[in-house]
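Biologist: I am new to reading protein models, and I would like to go through one feature by feature. Could you take me through this one slowly?

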Amino acid sequence: MASRLVNWFKFSSPATFYPLARKIAVVSTIIAVVLIAIGLYMSFFVAPTDYKQGEGYRIIFVHVPASWMSMFIYVVMAGWAALGLIFNTRLSAMMAQSLAPTGAMFAFLSLWTGSFWGKPMWGTWWVWDARITSELILLFLYLGYMALRSAIDDPRRGDRASAILLLVGVVNIPIIYYSVQWWNTLHQGSTIKFNEESSMDDTMLITMLIMTFGFWAYSIAVSMVRVRAVILERERSSSWVREQLGAET
Amino acid sequence: MFEPLLWIIRRDLTIAMRRRSDIFTTLIFFVIVVSLFPLGIGPELETLRLIAPGIVWVGALLASMLALEQIFSADHRDGTLEQMLLTPQPVSILVIGKVLAHWLVTGLPLVVMAPLLGLQYDLSAAGLGALMVSLLLGTPALSLIGAIGAALTLGLRSGGVLLALLVLPLYIPVLIFGAGAVEATVSGLGGASHLSMLAAILVASLVLAPLATSAALRVAED
Amino acid sequence: MTDAAEPALQIDRLACVRGDCELFRELSFAIGDGELLHLKGHNGSGKTTLLRALAGLLLPESGEIRWHGQNIRSLREEYSRHLLYLGHLNGIKGDLTAVENLRIGAVLDGFDLDDKRAWQVLGDIGLRGREDLPTKHLSQGQKRRVALARLLVNSARVWILDEPFTALDVAAVQLLQDVIHAHVDGGGIAIVTTHQEVAMIGEHTRTIVLGAGHV
């Protein structure tokens, strides 16, 4: 038990994590490519045509995993933020920072594909549906985090300030979500429902899960690549980075 | 514990009274923003009555957000903020005092002014009452939540715009229940449930927001 | 851990970073009751940073600061109770009078200061006739005196003073020196930075030079 703890803290140092991040990035890139390829093949050719929505529904194989990822990544970032604040580890904040663009990208992707889906289904690009509105607010939260992060020059202050913002955000997300839900039901009644789980057959569910795991692997891969860049930038004055750069060029 | 709280409130109110013009800026901003909407939408009272709760609420929200930029900045510049962080008092208590004083100076005038603006939109008497009560419960919550953003952006170059970006998404629940209360009252459904949700948000932010704000202030003074 | 022989304030392998620049590393020293620490160093050597870390305002990169054996970050307000910090900023409100500033400072520091005593202290420190003016109308040196008046009313054990002599005239410099020495003689701790060649040297003065490669 004790040796495991020591190990974890060993990897919380950027210098030891840097080479590890490369390995994780390579492995998860391969997983991501394979899973997303399978997932896309299945969503186009294997999954049956929906009897109500026709072929257009197939975009949900991107849309739903993207929405899940966008929410999940924010929670993971908040988790890193909490770790960083409690243990004062630099790497945690770097991880949160590296995940943010991916999370924002998924939130945007979810809105974009949602509106592609909405046009043929509802006849309009945008509907003030509770889920879409919440997703939009989530995108705002991501943008706020990234804006605050980049507005603060001192990296340490930036780490801690944005960590506080993430924690405030994660406490607020359920409140925002339920208030938007309430607002929505009061104003138009819940006549429109996204993917009703009941009507989904097994192939669809499996496809969606494969895509989700593919997106997971993708998120890990890009965040590892990004965290390596962040580590290099932040630790550029330390001796191990100089050696590393000297060795690579 | 309460003596320092009262002193902070008294201190900030005294300072505010000695530079009175700052108080009116927020209020005038509120009045102007709310008065702009009919010019953009058209003078039909039917439409205006429909959108009044939302507009007055959005106006109050923007006004209180703009005012918040100032809440810690003067103390940050003259060093009284760092002294506050070094007192034996819990920082969250001092934050509550500062927010409360700030609300009395910038938020309360909005609450008092709102019914007059509601008249511009031909709101019913019940609607005006609901507007006032909802603002009375909602604007302190806005100040408490916004103080987190103000503390996070303290001393940053693009402070004002950044503050808006951070804080406005967090204001959404207050907006929904605040405007919802007025709307529900006007349409005869009764706004009690909305108002109790607002009160719940106020209590929750009174407990949680000062903790986040004081953590953010410590980071800003680092 | 907390035996009597242990010095009140212990600095253990402290490292501070500003932006990209490492100011100091592995800095360890201790200060006991009745000691005056004179912190020296060229501009940018990290004097202010060290003082802010000692006051608990700044989170050090690594290492810890212990007050009677306990980390000040876990003590927080309990440590602040014993502390008086005066930084580059005076920490007084320009819209309030000297008396108001002093009294509010006292309440926040956890003790009561009546009007009469406040007037008397401000008179002692050379602000007679200015007690009731908004401090924004005072000169730099007078504002500094308002800030320094806190030293006369406070019972804090540890004084952390960052360049306290700036903007003061000869008489005030002398007064401040006497006050600091009286504090140290009474068993207090003072940590002071200054560029002025003033007579900080007393019996219990220690000097630490930052940025000289070692301590």
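Modeller: Gladly, and let us keep in mind from the start that this is a predicted model. We can begin with enclosed spaces, since a search of the whole structure finds 6 cavities of 30 Å³ or more.

Biologist: How much space lies in the largest cavity, and which residues are closest to its centre?

Modeller: The largest cavity holds about 220 Å³ of space. It is lined by 18 residues, and those closest to its centre are Thr80(B), Gln83(B), Gly91(C), Asn101(C) and Gly105(C).

Biologist: Which elements give two or more residues to that lining?

Modeller: They are helix H5 (80-85) of chain B, together with helix H4 (98-108) and helix H6 (140-153) of chain C. The largest share, 5 residues, comes from H4(C). When the lining of the largest cavity is sorted by class, it has 7 nonpolar, 7 polar and 4 charged residues.

Biologist: And what can be said of the second largest cavity, in volume and in lining?

Modeller: About 120 Å³ of space lies in the second largest cavity. Its lining has 14 residues, of which Arg218(B), Ala55(C), Gly56(C), Arg76(C) and Ser80(C) are the closest to its centre. Helix H2 (72-75) and helix H3 (77-80) of chain C each supply at least two residues of this lining, and the largest share, 3 residues, comes from H3(C). By class, the lining of the second largest cavity has 6 nonpolar, 4 polar and 4 charged residues.

Biologist: Let us turn to helices. How should I picture the way side chains are arranged around one?

Modeller: The general idea is that an α-helix has 3.6 residues a turn, so residues three or four places apart point the same way. For a case in this structure, look at helix H6 (residues 91-120) of chain B, which has 30 residues.

Biologist: What span should helix H6 of chain B have, and how far apart are its end C-alpha atoms?

Modeller: At 1.5 Å a residue, helix H6 of chain B should span 44 Å, and because its end C-alpha atoms are 42 Å apart, the expected and modelled spans agree. There is nevertheless a bend of about 45° in H6(B), at Leu104(B).

Biologist: Is H6(B) mostly covered or mostly uncovered, and what comes just after it?

Modeller: H6(B) is mostly covered, as 21 of its 30 residues are buried. Just after H6(B), Asp122(B) takes a positive phi of about 60°.

Biologist: Which residues of chain C, other than glycine, have a positive phi that I could look at?

Modeller: One of them is Arg13(C), whose phi is near 45°, and another is Ala167(C), whose phi is near 70°. Arg13(C) has its place in strand E1 (residues 9-18) of chain C, whereas Ala167(C) is in the loop between strand E7 (158-162) and helix H7 (170-185) of that chain.

Biologist: Why does Ala167(C) count as partly exposed?

Modeller: Partly exposed covers the range between buried, under 20% relative accessible area, and exposed, over 50%. Ala167(C) has a relative accessibility of 48%, so it counts as partly exposed. Arg13(C) is also partly exposed because its relative accessible area is 48%.

Biologist: Where does Ser21(B) lie, and is it buried or exposed?

Modeller: Ser21(B) lies in helix H2 (residues 21-41) of chain B, and it counts as exposed because its relative accessibility is 52%. Ser21(B) and Arg157(B) are 136 residues apart in sequence, and their C-alpha atoms are 25 Å apart in space.

Biologist: How many helices and strands does chain A have?

Modeller: Chain A has 8 helices and 0 strands, and buried residues make up 47% of its 249 residues. Among contacts in chain A between residues at least 6 apart in sequence, 80% join residues at least 24 apart.

Biologist: Which residues is Trp80(A) in contact with, leaving aside its neighbours within four places in sequence?

Modeller: Trp80(A), which lies in helix H3 (residues 60-87) of chain A, is in contact with Ser92(A), Met95(A), Ala96(A) and Leu99(A) once those neighbours are set aside. Trp80(A) and Ala93(A) are 13 residues apart in sequence, with 6.5 Å between their C-alpha atoms. With a relative accessible area of 27%, Trp80(A) is partly exposed.

Notes. Residues numbered from 1 in each chain as written. Chains lettered and ligands numbered in written order. Heavy atoms only, no water. Helix = DSSP H or I, 4+ residues; strand = E, 2+ residues; numbered from the N terminus. Expected span 1.5 Å × (residues − 1). Bend = angle between axes of the 7 residues up to and from the residue. Buried < 20%, exposed > 50% of the residue type's maximum accessible area, 1.4 Å probe, protein only. 1 Å grid on protein atoms, 1.4 Å probe; cavity = no way out; pocket = protein on both sides within 12 Å on 5 of 7 lines; lining within 4 Å. Points joined across faces, edges and corners; volume = space filled by probe spheres on them. Nonpolar A, V, L, I, M, F, W, Y, C, P; charged D, E, K, R; others polar. Contact = heavy atoms within 4.5 Å.
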